Amino acid sequence: MTATAISTTALTKRYGPHQALRELNLTVPTGEIFGLLGHNGAGKTTIVNLLTTLMEPSSGTAEINGHDITTAATAVRRSIGYLPENVQFYDNLTLAENLIFFARLSGVRSVGSRISEVLDFLDFSGHENQRMGTFSKGMRQRAGIAQAILHEPSVLFLDEPTSGLDPQGVAKLRETIISLNTKLGMTIFMNTHLLAEVTKTCTSIGILSSGTLIYQDSVDATLKSFPDQESLEDIYLHIEAGQRA
Ligand SMILES: Nc1ncnc2c1ncn2[C@@H]1O[C@H](COP(=O)(O)OP(=O)(O)OP(=O)(O)O)[C@@H](O)[C@H]1O
């Protein structure tokens with residue numbers, strides 16, 4: 001039986017009178033690279049904020065590796081890594097100084113050797129003594145992933161990870177996400193608008209529309225189920241249009 005990395009039951013979030021997420025029931029098996037798609041304002045960041053324990057749900061529940069996001073938030077935080085869309089660092093400090101700071105915050109043992117191991121894995125060694133204020137967007141992204149995986153999480157959340165990257169940066173990020181999944185066994189949950197990238201990177205997708213999950217399946221099954229559509233982008237637009245009709 002496949003283990004479950006992420007599961008939500010009737011997960012709901014209201015901001016005042018606005019219902020951003022409506023009774024979401026979602027299951028992501030361990031080992032998937034799951035891409036959450038949806039229009040602007042669909043509720044994608046809200047889901048990530050709930051699953052990473054940055055916010056509490058209005059009602060409903062969710063579990064990460066069997067830990068409840070509300071009653072076992074500390075256990076959830078130990079088993080997840082999170083790369084927000086705009087990752088923040090201390091720009092006047094070097095990469096190593098930043099990573100040491102974050103590693104200590106998350107209780108990493110053998111900080112120096114763990115940082116070397118992570119930078120090596122990400123093919124990012126050699127920048128340790130560079131001040132972060134001089135980093136390009138792609139380098140910041142790489143540093144953000146290093147920070148997010150320092151404590152060896154088993155589930156990694158990425159919010160719009162391709163935002164602001166050039167095509168080389170997008171390709172490098174894809175390579176990194178796939179190797180985190182295949183070599184380290186991490187389950188990946190990513191929010192994205194870049195549908196061409198989803199076909200190349202993700203194993204399964206969900207589509208969120210106005211706070212409701214309207215579709216979930218593997219990428220392969222999705223491509224087979226809509227033989228008349230040329231690409232995942234066309235399939236996405238077709239499903240979304242069906243929802244609005
Ligand atoms: N703190 C907040 N207070 C009030 N409304 C909010 C708040 N955060 C988000 N919203 C609203 O909730 C809805 C979902 O927002 P969310 O940021 O989760 O969407 P999204 O799918 O991530 O959008 P995008 O693709 O534009 O980043 C939107 O209508 C948004 O305006």
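**Exercise 1.** Determine what share of the contacts with a separation of 6 or more in the protein chain comes from residues 24 or more positions apart.

*Solution.* Begin with the term: two residues are in contact if their C-beta atoms, placed from the backbone, lie within 7 Å. In the protein chain, residues 24 or more positions apart then account for 68% of the contacts with a separation of 6 or more. This is a predicted model, in which local features need pLDDT of at least 70 and side-chain atom pairs count only at pLDDT 80 or more, while totals for chains, interfaces and linings use all residues. Residues are numbered from 1 along each chain as its sequence is written.

**Exercise 2.** Work out which strands stand at the edges of the open sheet.

*Solution.* Strands here are DSSP runs (E, at least two residues), and helices are runs of H or I with at least four residues, both numbered from the N terminus. The sheet has four strands in the order S2-S1-S4-S5, with antiparallel pairing, where two strands pair if DSSP finds at least two bridges between them. S2 and strand S5 (67-68) each have a single partner strand and stand at the edges, so one side of each is left without a neighbour in the sheet. Further in, strand S1 (residues 4-15) pairs with strand S4 (residues 59-64) over five bridges, and threonine 8 stands opposite alanine 62 in S4.

**Exercise 3.** Find which element gives the most to the shell around the ligand.

*Solution.* A residue is near a molecule if its C-beta atom, placed from the backbone, lies within 6 Å of it. The residues surrounding the ligand include Tyr15, His18, Lys44 and Thr45. Strand S2 (18-29) and helix H1 (44-51) each supply at least two residues of this shell, and H1, with three, gives the most.
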